[in-house]
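Subject: Structure handover

Hello,

Here is the structure you are taking over, with notes on what was found in it below.

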Amino acid sequence: MVNKIQAIRGMHDILPDQSPLWHYAENLIREVMAAYGYDEIRLPIVEKTELFKRSIGEVTDIVEKEMYTFDDRNGDSLTLRPEGTAGCLRAALEHGLLHNQIHRLWYYGPMFRHERPQKGRYRQFYQLGIEAYGMAGPDIDAELILLTYRLWQKLGITAKVQLEINSLGTIDERTVYRAALVDYFSQHLDKLDEDSHRRLNTNPLRILDTKNPDMRSLVAKAPELMDYLGEDSKAHFKGFTGLLDSLDIPYVLNTRLVRGLDYYSKTVFEWVTDELGAQGTICAGGRYDSLIEQLGGKANYAVGFAMGMERLLALLETLPQPPVLPSLDAYMIRVGDKAEAVGMQFAEQIRNEMPHLRLQVNCGGGSFKSQFKKADKSGAAFALIFGDVEAESGVVAIKSLREDGEQQSLSLAEAVKFFKTKLEKA
């Protein structure tokens with residue numbers, strides 16, 4: 001026998017029984033984006049490798065180990081996008097969106113990293129990203145927090161997540177702090193693990209984010225970035241926290257919070273949970289004003305975040321009753337020669353009157369009993385039953401599949417009215 005071809009390790013299928021939960025979350029995301037006036041932008045999955053080397057940094061784990069990079073037929077080095085910020089900013093610069101303009105943008109789709117697959121962490125994963133350009137003040141930073149907080153409320157997970165915030169200051173302030181960190185950790189080389197030794201001279205701030213419990217006491221005594229911030233950075237952060245306080249959004253100041261990418265400055269934040277084990281970060285982001293100049297643009301302002309959908313959905317599944325909508329409202333059973341043709345016509349007429357009704361018609365024949373089993377298995381709330389008798393009299397029998405109640409025969413107009421009433425109640 002020919003061996004079956006399986007999916008690439010770490011690249012997962014989203015099966016039909018999982019799709020309703022994805023649709024539920026995606027629909028709420030679109031509602032929230034619209035409520036705050038954010039516009040969708042759709043970006044290529046493949047970009048020039050240089051874009052990510054210049055933005056993310058050549059000495060990061062992403063660029064060194066995790067990117068899917070290849071040469072195309074022209075000899076150009078291309079990469080499957082490992083994150084969305086660089087591509088979105090590239091598009092904004094390329095199409096002139098940053099010239100004396102303000103933009104609030106969002107995008108959604110797959111990202112790719114060659115990481116060790118584990119629950120909530122895949123080599124192809126879906127991500128929601130938001131980027132806001134042209135606004136200098138802490139109010140836009142706070143708006144991103146407010147937007148995510150509203151999404152958590154709509155999803156019913158507010159009690160399961162916690163906001164952690166910090167300030168990374170400017171690049172110049174961080175450079176001075178970086179030297180202080182290197183000096184401190186160099187005095188304790190015997191206590192550093194392998195990853196920290198590697199990061200010491202490349203990205204020492206990442207040592208602060210170590211997950212190694214044996215290094216917690218060492219990290220706790222390290223110099224704090226807040227002591228190295230200038231007046232402008234301090235004022236920006238004070239304005240940010242003041243807005244969060246006025247909006248009654250709870251947060252924790254985590255002075256060890258850093259971001260894994262080189263381009264962040266000033267405000268950084270993470271929404272975390274303890275419901276998913278090691279993969280506890282649901283959403284993370286911050287301000288990255290300097291990246292615009294790194295990619296060839298004029299000095300400007302930028303802030304954004306990324307949200308991992310697989311982790312978000314895993315968190316939704318921890319709710320006592322995960323909010324999953326049925327995939328169908330009604331399933332049509334057709335038994336008899338006349339019923340086959342008339343039933344299909346009837347279904348189309350209902351769809352014309354009710355475009356939002358999710359109606360599936362049985363195809364492929366079968367006895368009444370077998371079709372009724374399919375109707376029940378479909379998850380639909382109602383069965384629409386068409387036999388030759390109904391076809392001749394121009395009515396359809398409607399039977400509830402989830403509640404007790406008498407079967408009733410209705411005309412097209414009555415059936416439309418029936419379902420409109422049911423959908424309004426839902």
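Helices, as the word is used here, are DSSP runs of H or I with at least four residues, numbered from the N terminus. By that numbering, α1 is followed by G37, whose phi is positive, near 75°.

Before the rest, please keep in mind that this is a predicted model. The average pLDDT of the protein chain is 90, and 97% of the residues score at least 70. Among the elements, strand β1 (residues 39-40) has the highest mean pLDDT, 98, and helix α3 (residues 61-66) the lowest, 74.

Overall picture

The protein chain has 426 residues, and buried ones make up 50% of them. Its secondary structure comes to 15 helices and 16 strands. The C-alpha trace spans about 90 × 60 × 45 Å along its principal axes. Of the contacts with a separation of 6 or more, 70% are accounted for by residues 24 or more positions apart.

Two helices

Helix α1 covers residues 19-35, which is 17 residues. At 1.5 Å a residue it should span 24 Å, and its end C-alpha atoms are 24 Å apart, so the two values agree. The buried residues of α1 are S19, P20, L21, W22, Y24, A25, L28, I29, V32 and M33. What covers them includes two strands, β5 (103-112) and β6 (124-133), and two helices, α5 (138-155) and α11 (309-316).

Helix α12 (residues 337-353) also has 17 residues, with an expected span of 24 Å at 1.5 Å a residue. Its end C-alpha atoms are 25 Å apart, which agrees. In α12, the residues A339, G343, F346, A347 and I350 are buried.

Positive phi outside glycine

Two residues may be worth a look when you check the backbone. N100 is not a glycine, yet its phi is positive, about 50°. N100 sits in the loop between α4 (85-94) and β5, and it counts as exposed because its relative accessibility is 73%, where exposed means over 50%.

K266 is not a glycine either, and its phi is positive at about 55°. K266 belongs to strand β9 (residues 265-272). With a relative accessibility of 13%, K266 counts as buried, since the cut-off for buried is under 20%.

G169 and its surroundings

G169 lies in the loop between β7 (162-167) and α6 (171-186). Its relative accessible area is 0%, so G169 is buried. Which residues is G169 in contact with, leaving aside its neighbours within four places in sequence? They are R174, L229, S233, S265 and K266; K266 is the residue in β9 with the positive phi described above. For a sense of distance, G169 and K377 are 57 Å apart in space, C-alpha to C-alpha, and 208 residues apart in sequence.

The cavity

The structure holds one cavity of 30 Å³ or more. About 40 Å³ of space lies in the largest cavity. Its lining consists of L43, P44, E47, F52, R81, E83, G84, G87 and M111. By class, the lining residues divide into four nonpolar, two polar and three charged. The charged ones are E47, R81 and E83, while the polar ones are G84 and G87, because glycine is counted as polar here.

Regards

Note on methods: Residues are numbered from 1 along each chain as its sequence is written. This is a predicted model: local features need pLDDT of at least 70, side-chain atom pairs count only at pLDDT 80 or more; totals for chains, interfaces and linings use all residues. Side-chain values use heavy atoms; hydrogens and water are left out. pLDDT is the predictor's confidence in each residue, from 0 to 100. On a 1 Å grid over the protein atoms alone, a cavity is a set of points where a 1.4 Å probe fits but cannot get out, and a pocket is an open set with protein on both sides within 12 Å along at least five of seven lines; lining residues have an atom within 4 Å of a point. Grid points are joined across faces, edges and corners, and a volume is the space filled by probe spheres set on the points. The expected span of a helix is 1.5 Å times one less than its number of residues. Buried means under 20% relative accessible area, exposed over 50%, partly exposed in between (1.4 Å probe, protein chains only). Contact means heavy atoms within 4.5 Å.
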